[in-house]
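The exercises below ask you to read a single protein chain from its overall contacts down to individual residues. Each task is followed by a solution that proceeds step by step.

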Amino acid sequence: MSDAHILLVEDEPNIACGLIYNLEAEGFRVTHVKTGEEALSVPTGDVALVILDLMLPGIDGFEVCRQLRAIDPRLPILMLTARGAEVDRVEGLKAGADDYLAKPFSLDEFLLRVEGMLRRSEWYRPADSAQTTYVFGGNTVHLHEQRAETAAGEIVLTELEVRMLDYFIRNEGRIVERKQLLKAVWGVSPDTETRTLDNFVVRLRRYFEADPATPIHFQTVRGRGYRFVRAGDK
Ligand code: CA
């Protein structure tokens, strides 16, 4: 994993320089580009992780993210956003990013996040049970194939979406605390901010709930976390 190929999309020379230096010091191979257009021309076959700045000259990080997702739904994407720009984070996750880091960040935090994302994408396989196709509420989810048939049509699931669905399904009917989910799905400590998690649940509801505002399958358990139920018991 230490020689993993990382695609860095960052237009600010000082930031790019620091990141490249530290990634290479960790043994990673880095391809650095300064624009989204260049990023999209890099073959992603052996890219293990994309680190994508949001504010870029030309097309922005959201659009790059969407286009990368269209090419490769499984490619892990870490988006770099401006501090406190909640709207950017939500949009970034909607565009298909797996995680984000708000600028300015410490190098330690950055490297931990990078290593965490690479580790997760290495060890992750859907639960090794016979059943990897699940039906609920008019949706059919195929975990191994990373796709689902929903009322709105067929969708391709990102790796993190599959992992989260897998965890929910294996814990069907039980209250899943947010810290459990963070640990199981993202592999991060419970004191990490939980916005990412909540945004992912919003995403799942949008895919799978007839009315995302009043969820039947992905229920919020106030003060605790979430509960997945296959058949609505509202
Ligand atoms: Ca920038």
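**Exercise 1. Describe the long-range contacts and the overall make-up of the chain in this predicted model.**

Solution. Begin with the contacts between residues at least 6 apart in sequence: 57% of them join residues at least 24 apart. Next, count the secondary structure, which comes to 8 helices and 12 strands. Finally, turn to burial, where buried residues account for 51% of the 234 residues in the chain.

**Exercise 2. Determine which residues are central to the largest nonpolar core, and where its members come from.**

Solution. The core has 49 residues, and those that touch the most other members are Val50, Leu52, Met164, Phe168, Leu181, Trp186 and Phe208. Taking the contributions by element, helix α6 (residues 159-170) gives the most, with 7 residues. Taking them by domain, at least three residues come from each of domain 1 (5-123) and domain 2 (126-228). A second core, separate from this one, has 20 residues, including Ile6, Ala16, Ile51 and Leu80. As a worked case, consider Leu52: once residues up to four places away in sequence are set aside, Leu52 touches Val9, Gly61, Val64, Cys65, Ile77, Leu78, Met79 and Leu80. As a general background to this exercise, nonpolar side chains in soluble globular proteins tend to be buried together.

**Exercise 3. For helices α4 and α7, find the buried residues and decide how they are arranged around each axis.**

Solution. In α7 (residues 178-186), the buried residues are Leu181, Leu182, Val185 and Trp186. Because they cover an arc of only 100° around the axis, they lie on the same side of α7. The residue following α7 is Gly187, with a positive phi near 70°.

In α4 (residues 86-94), the buried residues are Asp88, Arg89, Gly92 and Leu93. These fall within an arc of 130° when seen down the axis, so they line one face of α4. The elements that cover them include α3, β4 (77-82), β5 and α8 (195-208). Just after α4 comes Gly96, which has a positive phi of about 115°.

**Exercise 4. Characterise the surroundings of Asp99, and state whether Asp99 is buried or exposed.**

Solution. First place the residue, which lies in strand β5 (residues 99-103). The relative accessible area of Asp99 is 3%, and as the cut-off for burial is under 20%, Asp99 is buried. Its contacts, leaving aside neighbours within four places in sequence, are Ile77, Leu78, Met79, Leu93, Arg113, Met117, Arg120, Trp186 and Thr196. Within this list, Arg113 deserves separate mention, since its side chain is joined to that of Asp99 by a polar contact of 3.3 Å.

**Exercise 5. Identify the protein donors of the calcium ion and relate them to the chain.**

Solution. The donors are Asp11 (OD), Glu12 (OE), Asp53 (OD) and Met55 (O), at 2.1 to 2.6 Å from the ion. Along the chain they follow the spacing D-E-x40-D-x1-M. The pair Asp11 and Met55 links distant parts of the chain, 44 residues apart: Asp11 is in the loop between β1 (5-9) and α1 (13-25), whereas Met55 is in the loop between β3 (47-53) and α3 (61-71). As a last step, compare their accessibility: Asp11, at 25%, counts as partly exposed, while Met55, with a relative accessible area of 58%, is exposed.

Notes
Residues numbered from 1 in each chain as written. Predicted model: local features only at pLDDT ≥ 70, side-chain atom pairs only at ≥ 80, totals over all residues. Heavy atoms only, no water. Buried < 20%, exposed > 50% of the residue type's maximum accessible area, 1.4 Å probe, protein only. Helix = DSSP H or I, 4+ residues; strand = E, 2+ residues; numbered from the N terminus. Arc of directions from axis to C-beta. Core = buried A, V, L, I, M, F, W, Y, C linked by side-chain atoms within 4.5 Å. Domains from an automatic or database assignment. Contact = heavy atoms within 4.5 Å. Polar contact = N/O pair within 3.5 Å; in protein donor to acceptor, adjacent residues only side chain to side chain. Donors = N, O, S within 2.8 Å, 3.2 Å for Na, K, Ca; no water.
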